[in-house]
Amino acid sequence: MHAYTLPRPVGRGVPVRAAEAQPASGMAADAGDEGREFAWTQADFSRVRSLIYQRAGISLHEGKHAMVYSRLSRRLRETGHSSFHGYLGWLESGDGPEWQEFVNALTTNLTAFFREQHHFEVLSALLRTRPAGPWSVWCNAASTGEEPYSIVMTALESLSPQSQFKLTASDIDSRVLATAARGVYRLDGLKGLSQDRLQRFFMRGKGVNAGLARVRPELRRAIEFLSVNLVRDDWPFREPFDAVFCRNVMIYFDAPTQRRVLERMHRVLKPGGLLFVGHAENFSDARDLFALRGKTVYERL
Ligand SMILES: C[S@@+](CC[C@H](N)C(=O)[O-])C[C@H]1O[C@@H](n2cnc3c(N)ncnc32)[C@H](O)[C@@H]1O
């Protein structure tokens with residue numbers, strides 16, 4: 001890996017946190033009623049559950065009390081509220097920027113480079129059928145960027161040098177999207193990558209950036225980062241995609257929400273286009289829209 005120098009970190013001093021270290025994915029131990037800093041009732045939980053369902057389609061089950069309490073307690077501290085009742089009332093009274101923070105706090109952003117490796121083999125085989133392109137791919141629920149950069153690495157390895165390949169990467173969470181666009185990762189998170197890929201696609205940080213690596217501009221240039229809420233009917237796409245990655249996000253949605261998202265996904269994919277989904281996701285009920293073509297890979301009918 002070649003060396004590079006990043007601007008000095010600003011703000012809290014750490015330019016990028018690995019997905020696992022994001023506050024949004026942290027699971028706190030149940031503090032228990034007595035040990036809690038803020039009063040927390042079933043009514044508070046039900047209210048949060050209904051708000052995040054309306055905003056992001058995320059279904060929270062009863063087992064998520066401790067997680068929700070822990071993640072939103074930080075929001076109470078940051079916004080100076082002393083109770084959930086007060087915080088939620090304030091949130092609902094307007095349409096301000098706290099809504100984005102509320103959503104950011106409740107998303108789970110776990111991801112990794114080349115997660116579910118077999119998908120990248122299928123993608124590579126697909127791209128090699130038309131090495132000069134053009135290709136247009138959408139990676140939604142892209143989290144902190146490991147997935148979209150894995151897609152672009154696969155494209156650069158599979159296509160001819162002057163090929164046209166465009167990736168749209170999106171998420172509902174503004175904080176992870178900013179991390180993705182920055183493209184700076186801890187070396188720990190790159191352990192699974194081959195030496196060839198590290199050498200070709202990353203630059204190692206020096207000095208204050210030791211222990212970090214930044215993706216090379218050629219990766220970054222292939223991606224447009226956008227904020228897209230999968231459960232809103234305002235997706236900003238005009239041209240259909242050749243392939244869509246929608247992995248490990250539909251597990252948070254209930255069946256009617258999944259169906260609505262799949263119908264929209266069908267509209268933005270070309271006939272014959274591929275839909276890659278997560279290992280725990282099964283859309284065989286939507287066989288009027290998609291046909292299973294491999295392990296968690298569907299073809300748009
Ligand atoms: C567990 S991560 C999956 C990351 C990546 N796709 C992967 O498989 O490694 C789920 C992502 O879905 C995003 N998400 C949750 N609800 C969403 C919604 N309604 N619209 C778009 N993204 C959403 C979260 O912000 C989070 O980054």
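## A walk through the structure

The protein chain holds eleven helices and eleven strands. Keep in mind as you look around that this is a predicted model. Of the 301 residues in the protein chain, 36% are buried. Among contacts between residues at least 6 apart in sequence, 76% join residues at least 24 apart.

A good place to begin is the sheet. Seven strands form this open sheet, in the order S7-S3-S2-S8-S9-S11-S10, and their pairing is mixed. Strand S7 (223-227) and strand S10 (290-294) stand at the edges with a single partner strand each, so one side of each has no neighbour in the sheet. On average, neighbouring strands of this sheet are turned by 25° against each other, with direction ignored. If you are new to sheets, it may help to know that their strands pair through backbone hydrogen bonds, either parallel or antiparallel.

Let's follow the end of the sheet that finishes with S10. Strand S9 (residues 269-277) and strand S11 (residues 297-300) run antiparallel and are joined by three bridges. One residue to find here is Phe276, whose bridge partner in S11 is Val297. S11 is also joined to S10, by four bridges, and these two strands run antiparallel as well. Here you can look for Ala291, which stands opposite Glu299 in S11. S10 and S11 form a hairpin with two residues between them. In its turn, Thr296 has a positive phi of about 55°.

Now pick out a residue in strand S8, Phe241. Is Phe241 buried or exposed? Counting residues as buried when 20 or more other C-beta atoms lie within 10 Å, Phe241 is buried, because 23 other C-beta atoms lie within 10 Å. Leaving aside residues up to four places away in sequence, Phe241 touches Ser136, Val137 and Trp138, and also Val268, Leu269, Lys270 and Gly273. Pro271 is 30 residues from Phe241 along the chain, yet their C-alpha atoms are separated by 9.4 Å.

From the sheet we can move on to the helices. In helix H8 (174-182), the buried residues are Arg175, Val176, Leu177, Thr179 and Ala180. What do the buried residues of H8 pack against? They pack against the helices H5 and H7 and the strands S3 and S7, and S7 is one of the two edge strands met earlier. Just after H8 comes Gly183, which takes a positive phi of about 70°.

Helix H5 (residues 98-106) has its own buried residues: Phe102, Val103, Asn104, Ala105 and Leu106. What covers them includes helix H2 (42-56), helix H3 (65-79) and helix H4 (84-92), together with H8.

The last stop is the ligand. Which residues are closest to the ligand? They are Thr107, Thr111, Ala141, Ser143 and Leu230, from a shell of 25 residues that surround the ligand. By class, this shell has ten nonpolar, ten polar and five charged residues. Both domain 1 (23-106) and domain 2 (117-300) give residues to the shell, so the ligand lies between them.

Key. Residues numbered from 1 in each chain as written. Predicted model: local features only at pLDDT ≥ 70, side-chain atom pairs only at ≥ 80, totals over all residues. Near = placed C-beta within 6 Å. Nonpolar A, V, L, I, M, F, W, Y, C, P; charged D, E, K, R; others polar. Domains from an automatic or database assignment. Pairing = 2+ DSSP bridges. Axes fitted to C-alpha atoms, helices over the stretch in contact; angles between N-to-C directions. Buried ≥ 20, exposed ≤ 12 C-beta atoms within 10 Å, placed from the backbone. Contact = placed C-beta atoms within 7 Å.
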